[in-house]
Amino acid sequence: MALEVTQILLNAQSVDGSVRKHAEESLKQFQEQNLSGFLLSLSGELASDEKPVDSRKLAGLILKNALDAKEQHRKYELIQRWLSLDVGVKTQIKTCLLQTLASPVPEARSTASQVIAKVAGIELPQKQWPELIGSLLSNIHQVPVHVKQATLETLGYLCEEVSPDAVEQDQVNKILTAVVQGMNSSEASNDVRLAATRSLYNALGFAQANFTNDMERDYIMRVVCEATLSQEVKIRQAAFECLVSISSSYYDKLAPYIQDIFNITAKAVREDEEPVALQAIEFWSSICDEEIDVLEEYGGDFTTAVSDIPCFYFIKQALPALVPMLLETLLKQEEDQDQDEGAWNLAMAGGTCLGLVARTVGNDIVPLVMPFIEENITKPDWRQREGATYAFGSILEGPSPNQLTPLVNVALNFMLTALTKDPNNHVKDTTAWTLGRIFEFLHGSTMETPIITPANCQQIITVLLQSMKDAPNVAEKACGALYFLAQGFEDVGPSSPLTPFFQEIVQSLLTVTHREDAGESRLRTAAYETLNEVVRCSTDETVPMVLQLVPVIMMELHQTLEEQKLSSDEREKQNELQGLLCGCLQVIIQKLGASDATRYAFMQYADQIMNQFLRVFACRSATVHEEAMLAIGALAYATGPDFAKYMPDFYKYLEMGLQNFEEYQVCAVTVGVVGDICRALEEKVLPWCDGIMTQLLKDLSSNQLHRSVKPPIFSCFGDISLAIGENFEKYLMYAMPMLQSAAELSSHTSGADDEMIEYTNLLRNGILEAYSGIFQGFKNSPKTQLLIPYAPHILQFLDLIYMEKDMDEVVMKTAIGVLGDLADTLGSNAGSLIQQSLSSKDFLNECLSSDDHLIKESAEWAKLAISRAISV
């Protein structure tokens, strides 16, 4: 097979489709019939210097994909499969991989590095392959430079794959020593220095202990700072990437080095090539992120004693030098940056960093930036006008409105003129963006002095609508500004300053969606998003006009459904448009469904809308399904019990959504819609419950479904029980054990990271909402005694989450509610159980004295229910 494998691997890369397909099938067959032989021949192929580069690279890639996958459940299967292989086979494969690191062919070495790291990621946590790190470190002293380079690259990948607790500190020290020595300026080979610098980036997560030791930390920092001065641009860039990583991982250890780092970064920003300069700016953006986090968490007035991480105010200290450096970058724009969606250059990075600095230091930035703006805003060179506008837009979030409002009042007129009259596209783009930022941060019901007044409102709207006819990038920013303008009037009361312009605004936005070039710069999407916001924030005065929108948007959706014979590119655009139109209908339905008078007027369209949604489901596209599902949820809410007539046609799509494990967002949204339908139909949902419950139970027991969908499924049990009451009886024997095992699972979370704690809270909340819905559904029914056997377990669960002390406010409110529901529904049957429970009393008292009025309210109700249950 050896000779054949080479040929098959080459054929699998052939330009001829049928040759390629045949080769892929042969590889698949070989893998299924004899996995050990298959993996051995691939590792042999990769290790052999006689073989062609292309077959070796593909062999390594297939090996790598046999060890890892993006989907969690698939990854788990592959890990188990590797662990169950014969030890002798694995040893041979690993020998081949290590041998490949000495190959003169760079592609083979690099591929082998990645595969070794994947194997290490599986085996080291299992305490297997203990000799790996030792044998890699012994390679470092090899004479051939390429072996050293490949080994350092492997150590880097290894640190990326393996979690730090799987490696002994003694080995960590040796890895760091080897990597830092490889970075040293005394190292003759640039390839080795680059591999070492990139490896350090991945190894920093392992260096906790080393960063607490002054001497070791000084040495690492010195070597990294020296590497930023290397002759080789890639090494300089990698060294700055290390500094960025250090700034977030070891912020609290930076004080002794910050002055030197400022000098190095300032020099790089002013003089170095763009990839290096961008990383140098990123360092300061990262420091801002750290300080914003600390200041937000502890308010501006915290003492070091309260906070785990003190704030060192590095940004505040660096301001006088940092701000001028960032302002210089704003003048280094690229000619076509606004046309390219993924553009990222020095000016954009500098403006982003300036915005973060403003959020970090607040008012202190204003006097440092205003002279730059005043000096450049009217200059003949577009770069100066655009840079000044960008600077102004960047500092609008952070400083206090009192500080900014007077400046904005002076600037607003100037900006509106620039948006219509400036000859340069860039300047107009940034001006429209800045107006959007003014409306986002300085306009709304909470502001003391309004910046939008009866005197300027009309001019602002006229200018924005005019700009929507401009080039796509300018029009997209003008839509964004209008979005925030509308949002600021959300809580304005019965009459909105936008009402006189409502018809004109809606018409202009619809015109934008039909522009030939609306596909550029996200323009069509922005126009629909703005239309949705204008509708959402509108008042009762404009309801008749919102109603007139319904047939217009329905007609648009109808047209997209009629288009046949589309190329795949056109089909994608059509799907996107259908998604936008469904999203728009959802907002309109929510608006019109919110009050009885408007709901009645809207009902004339409900049948047609539902028909169109059903046609949308018949098309195959996940994004559209998600949007259409959300819109159907809104329709169910608006139509109430009348929604029952749509269920026979809609049910199969509901079931499809619940079965959609692959696009789990669709599944999650569908679960939410089941809740909407239960609330709308109440007991009329009963005929569909068997099918829905069966599917929900399947979803819960599947290991393929993304975990984020599981908490809402539990809440959904509660919705179903509330809707069908004691008819939920037949599902108890399935639902309750599921809830119990999930409750047990959610209790073992000590030592979990923030993400896990957040998920645990979501899971607990879902479980508690289920219990709450079930108790409330059975209330006053003769069948309540069916719930008595479950009460001890539920009380135990409440004890447990109370003892663990890591619940958030949402869980606390739901938990105390469940305690009340239990007492309320079971009455005297619950009284004695509650009295015996370990922590009910403490938990109740804690909630009664809560600052959160919702928790307090729930607790007062629970107290009443418990006292009734106990006194019976």
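The exercises below work through side-chain contacts, burial and one annotated region in a predicted model.

Residues are numbered from 1 along each chain as its sequence is written, and side-chain values use heavy atoms, with hydrogens and water left out. Because the model is predicted, local features need pLDDT of at least 70 and side-chain atom pairs count only at pLDDT 80 or more, while totals for chains, interfaces and linings use all residues.

**Exercise 1. Aromatic pairs**

Task: Describe the aromatic pair formed by Tyr251 and Phe312, and state which parts of the chain it ties together.

Solution:
- Step 1. Apply the criterion: rings of Phe, Tyr and Trp (its six-membered ring) pair if their centres lie within 6.5 Å; planes under 30 degrees apart are stacked, over 60 edge-to-face, and the rest tilted. A search of the whole structure gives 17 aromatic pairs.
- Step 2. Classify the pair. Tyr251 and Phe312 are 5.7 Å apart centre to centre with 50° between the planes, and the pair is tilted.
- Step 3. Locate the residues, taking helices (H or I, at least four residues) and strands (E, at least two) as DSSP runs numbered from the N terminus. Tyr251 is in the loop between helix H14 (233-249) and helix H15 (258-271), and Phe312 is in the loop between helix H16 (274-298) and helix H17 (314-329), so the pair ties together parts that are 61 residues apart in sequence.
- Step 4. Follow Phe312 to its other partner. Phe312 and Phe314 form a stacked pair, at 5.4 Å centre to centre and 15° between the planes.
- Step 5. Assign burial, where buried means under 20% relative accessible area, exposed over 50%, and partly exposed in between (1.4 Å probe, protein chains only). Tyr251 is buried at 2% and Phe314 is buried at 5%, whereas Phe312 is partly exposed at 26%.

**Exercise 2. Salt bridges**

Task: Place the salt bridges of Arg222, Lys477 and Glu804 on the helices.

Solution:
- Step 1. Apply the criterion: a side-chain nitrogen of Lys or Arg lies within 4 Å of a carboxyl oxygen of Asp or Glu. The structure holds 38 salt bridges.
- Step 2. Take the bridge inside one helix. Arg222 pairs with Glu226, with the closest N and O atoms 3.2 Å apart. Both residues lie in helix H13 (residues 214-227), four residues apart, about one turn of the helix. Arg222 is partly exposed at 45%, as is Glu226 at 30%.
- Step 3. Turn to Lys477, whose bridge to Asp429 has its closest N and O atoms 3.2 Å apart. This pair links distant parts of the chain, with Lys477 in helix H24 (residues 472-488) and Asp429 in helix H22 (residues 425-442), 48 residues apart. Lys477 is partly exposed at 22%, but Asp429 is buried at 3%.
- Step 4. Treat Glu804 likewise: its bridge to Arg764 has the closest N and O atoms 3.1 Å apart. Glu804 is in helix H38 (residues 791-804) and Arg764 in helix H37 (residues 754-778), 40 residues apart. Glu804 is partly exposed at 28%; Arg764 is buried at 0%.
- Step 5. Look for shared partners. Asp429, Glu476, Lys477, Arg522 and Glu529 are joined into one network by salt bridges.

**Exercise 3. The nonpolar core**

Task: Find which residues touch the most other members of the largest nonpolar core, and list the contacts of Ile720.

Solution:
- Step 1. Define the set: buried Ala, Val, Leu, Ile, Met, Phe, Trp, Tyr and Cys residues joined through side-chain atoms within 4.5 Å.
- Step 2. Pick out the residues. The largest core has 299 residues, and Phe643, Phe650, Phe717, Ile720 and Phe728 touch the most other members. H16 supplies the largest share of this core, twelve residues.
- Step 3. List the contacts (heavy atoms within 4.5 Å). Apart from neighbours within four places in sequence, Ile720 contacts Val674, Cys678, Cys689, Ile692, Met693, Leu696 and Phe728.
- Step 4. Check for ring groups. Phe643 and Phe650 belong to one aromatic cluster together with Phe617, Tyr646 and Tyr653.

**Exercise 4. An annotated region**

Task: Describe the secondary structure of residues 23-103.

Solution:
- Step 1. Consult the record. An unreviewed UniProt entry places the feature "domain: Importin N-terminal" at residues 23-103; UniProt positions follow the numbering used here, feature names are shortened, and annotations may be inferred rather than shown by experiment.
- Step 2. Read the model. Residues 23-103 are 78% helix and 0% strand, with the end C-alpha atoms 27 Å apart.
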